[in-house]
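Colleague: I would like to go through this model with you, beginning with its contacts and its overall form and ending with its aromatic rings. Could you first say how a contact is to be understood?

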Amino acid sequence: LTVKADSRSKTYGDPVTFDGTEFSAPNLVNGDSISSVTLTSDGAPAGAGVGGYDIVPSNPVAGAHTSLGNYVITPANGTLHVGKRALTITATDRSKVYGDSVTFDGTEFSAGAGQLVNGDLVKSVTLTSAGAAGTAGVGTSDITPSAAVAEAGTDLGNYTVSYNAGKLTVTPRALTITAKNQ
């Protein structure tokens with residue numbers, strides 16, 4: 001009798017709890033049944049990183065009127081696939097006066113509310129804008145974020161990172177023109 005754990009998927013940061021019924025045992029005969037098995041996986045905790053983990057079945061419990069002593073039981077692992085979590089990084093809107101230049105320090109962004117889990121943090125991102133130069137005319141330009149860097153001790157490899165541009169608004173500079181005395 002092969003008792004095989006069912007395979008399943010989860011997203012990084014979400015825990016998995018097994019109820020003991022996620023298995024198959026197709027070789028049972030004469031109306032015999034298994035009511036539950038113990039299922040364990042290193043991928044079940046919320047902190048398990050992206051990848052595939054074995055789901056290990058053990059300790060089958062016989063159903064009503066069933067003697068598992070009539071079977072040679074072979075456990076077969078399933079796979080728990082941990083997929084990447086979505087993370088959206090958005091550049092913060094800014095403004096400047098025509099003639100001034102803007103230098104980004106890489107912290108002018110927000111990471112999607114509730115998207116970072118397990119203490120993961122984004123330290124910085126690369127930010128660029130055509131409006132950052134002092135010669136950029138009045139108007140609005142995109143602030144384009146890219147290349148997120150994780151805070152030390154965290155891993156952004158567990159995320160699918162997408163980026164949303166912010167806006168850099170260039171406003172007119174005050175100019176006073178005074179006529180010369182004649």
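Modeller: A contact here means heavy atoms within 4.5 Å. Please keep in mind that this is a predicted model.

Colleague: What share of the contacts with a separation of 6 or more in the protein chain comes from residues 24 or more positions apart?

Modeller: The protein chain is built from 14 strands and zero helices. Among its contacts with a separation of 6 or more, the share that falls to residues 24 or more positions apart is 67%.

Colleague: Why is the protein chain described as more spread out than a compact globule?

Modeller: From the N terminus on, the elements run β-β-β-β-β-β-β-β-β-β-β-β-β-β. For 182 residues the globule rule gives 16 Å, and the chain counts as more spread out than a compact globule because its radius of gyration is well over that value, at 29 Å.

Colleague: Which residues form the aromatic pair that is edge-to-face?

Modeller: The structure holds one aromatic pair. Its rings lie 5.5 Å apart centre to centre with 80° between the planes, and planes over 60 degrees apart count as edge-to-face. The pair links distant parts of the chain, 147 residues apart, from the loop between β2 and β3 to strand β13. The residues are Tyr-12 and Tyr-159.

Colleague: Is Tyr-159 buried or exposed?

Modeller: Buried means under 20% relative accessible area. Its partner Tyr-12 counts as buried at 4% relative accessibility. Tyr-159 has a relative accessibility of 3%, and therefore counts as buried.

Definitions and conventions. Residues numbered from 1 in each chain as written. Predicted model: local features only at pLDDT ≥ 70, side-chain atom pairs only at ≥ 80, totals over all residues. Heavy atoms only, no water. Helix = DSSP H or I, 4+ residues; strand = E, 2+ residues; numbered from the N terminus. Rg over C-alpha atoms; globule rule 2.2 N^0.38 Å. Phe/Tyr/Trp six-rings, centres within 6.5 Å; stacked < 30°, edge-to-face > 60°. Buried < 20%, exposed > 50% of the residue type's maximum accessible area, 1.4 Å probe, protein only.
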